[in-house]
Amino acid sequence: MDLEKQTILIVDDVYFNAKIIEDILCEDYEVVTARSGKECLEYVKSTKIDLIILDVVMPDMDGYEVCRKLKANPATKKIPVIFLSGRGESQNETKGLELGAVDYIIRPIHPLVIKARIKNHLALKNQRDILEKFSFRDALTGIFNRRYLDEALKKEWHGSLRKGEVLSALLIDIDYFKKYNDFYGHVAGDQCLCMVAEALQKSSLRAGDVVARYGGEEFMVILPATPQQGAVCIAQRIQNNIAALKIENEKSPVDTYITVSTGIASTIPMITGGQKELVEMADLALYKVKNNGRNAYQVFLDTDFKKSRSLRPRT
Ligand SMILES: [Mg+2]
């Protein structure tokens, strides 16, 4: 396969229809075909596809159903889908677009028009991919993401090292979030993550503080020039602000509402590049909170290092 070319998958139950489009596109793109919805869904599992041209009317599984399935799967939902439909089916255009397709083309097709449209959609996809790659925001919650956090930690570590100041970090984990997700569903789970993220933002008041999503239901707050006592105050404020949200979590063994556990680490940096150790300290403190029943915070103590270095199976 030509690595320079983007790959387009044509899905059509009629060989001749697929062949017409393939002939139009094969000069500029790598073109592959599937004869049914099932085949299409199989194909995208194993091959990276940049765009799908999807016939609407097909036996067994129609184009709408295929699109619905593609959009429901996180691995394939970002592949742009263009519906291709016969004459007289234009009333279904809205339906197709509502399902998440980027375009709806009605036969007979005009080679130059279809070429131009596909070129536009692929250019847009490229831009989205680039933006995502360089974005520092978490797509769901809108707060900083892990990539930004890593950069910020490095920068703050060096700043604190230079100034001889205490750098603190909080690692915050939503208690029994899996139980919450299983019981209330993923949509509610996502809303919960957004509300917690917002409460965290509100809890760290200084301009230099960084609030980021660490991954899953874990968040991190970096507090430059903040000694341990100050970090404890923020952790308390976070617990209070999250309690005030009153997000019901019926299945939580520790409370009727959503709660968090927080690991706190504070240190005066002494060597360059030691920021990972700060994260590890906060992580060990968090591990301790979890072992002690959650819905609380814990300050990292030096002795924790020796005790729990090898005890890190996290849940
Ligand atoms: Mg058909």
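Helix α3 lies across β3, β4 and β5 and runs at about 175 degrees to β4. The model described here is predicted. The domain assignment of the protein chain gives two parts, domain 1 (7–133) and domain 2 (146–308). Taken over C-alpha atoms, the centres of domain 1 and domain 2 are separated by 43 Å.

One open sheet has 5 strands in the order β2-β1-β3-β4-β5, and its pairing is parallel. Its edges are β2 (30–34) and β5, each of which pairs on one side only. From one strand to the next, the twist averages 20 degrees.

Strand β3 pairs on both sides in this order. Strand β1 (residues 7–11) is joined to β3 by 4 bridges, and the two run parallel. Ile10 has Ile53 as its bridge partner in β3. Towards strand β4 (residues 81–85), β3 again pairs in the parallel sense, over 4 bridges. Two opposed pairs can be named here. Ile52 stands opposite Val81 in β4, and Asp55 stands opposite Leu84 in β4. The chain passes from β3 through helix α3 (residues 63–72) to β4, and this β-α-β crossover is right-handed.

The burial of β3 was examined next. All 5 of the 5 residues of β3 (residues 51–55) are buried, so the strand is largely enclosed by the rest of the structure. In a regular strand the side chains alternate between the two faces of the sheet. In β3, Leu51, Ile53 and Asp55 point one way, while Ile52 and Leu54 point the other way. Residues pointing in both directions are buried. The acidic residue of this set fits the pattern: Asp55 has 5% relative accessibility and therefore counts as buried, since the cut-off for buried is under 20%.

Asp55 also takes part in a metal site. The magnesium ion has as its protein donors Asp13 (OD), Asp55 (OD) and Val57 (O). These donors lie 2.0 to 2.3 Å from the ion. Along the chain, the donors follow the spacing D-x41-D-x1-V. Asp55 is thus a residue of β3, a partner opposite Leu84 in β4 and a donor of the magnesium ion.

A second open sheet was also found. Its 5 strands have the order β7-β8-β6-β9-β10, and the pairing is mixed. The edge strands are β7 (210–215) and β10 (297–299), each pairing on one side only. Here the twist averages 20 degrees from one strand to the next. Strand β6 (residues 167–174) and strand β8 (residues 218–223) run antiparallel and are joined by 6 bridges. Asp173 has Glu218 as its bridge partner in β8. Helix α8 (residues 186–203) packs on this sheet and touches β6, β7 and β8. The direction of α8 makes about 10 degrees with that of β8.

Backbone geometry was considered last. Most residues other than glycine have a negative phi, and most peptide bonds are trans. Three places depart from these tendencies. The peptide bond from Arg107 to Pro108 is cis, with omega near 0 degrees. Pro108 is found in the loop between β5 (103–106) and α5 (111–134).

Asp60 is not a glycine, but its phi is positive, near 70 degrees. Asp60 lies in the loop between β3 and α3. With 86% relative accessibility, Asp60 counts as exposed. Asp55, at 5%, counts as buried.

Lys246 likewise has a positive phi, near 50 degrees, in a residue other than glycine. The loop that holds Lys246 runs between α9 (228–245) and β9 (260–267). At 53% relative accessibility, Lys246 counts as exposed, because the cut-off for exposed is over 50%.

Note on methods:
Residues numbered from 1 in each chain as written. Predicted model: local features only at pLDDT ≥ 70, side-chain atom pairs only at ≥ 80, totals over all residues. Heavy atoms only, no water. Buried < 20%, exposed > 50% of the residue type's maximum accessible area, 1.4 Å probe, protein only. Pairing = 2+ DSSP bridges. Right-handed = clockwise from strand over helix to strand, strands pointing away. Donors = N, O, S within 2.8 Å, 3.2 Å for Na, K, Ca; no water. Axes fitted to C-alpha atoms, helices over the stretch in contact; angles between N-to-C directions. Contact = heavy atoms within 4.5 Å. Domains from an automatic or database assignment.
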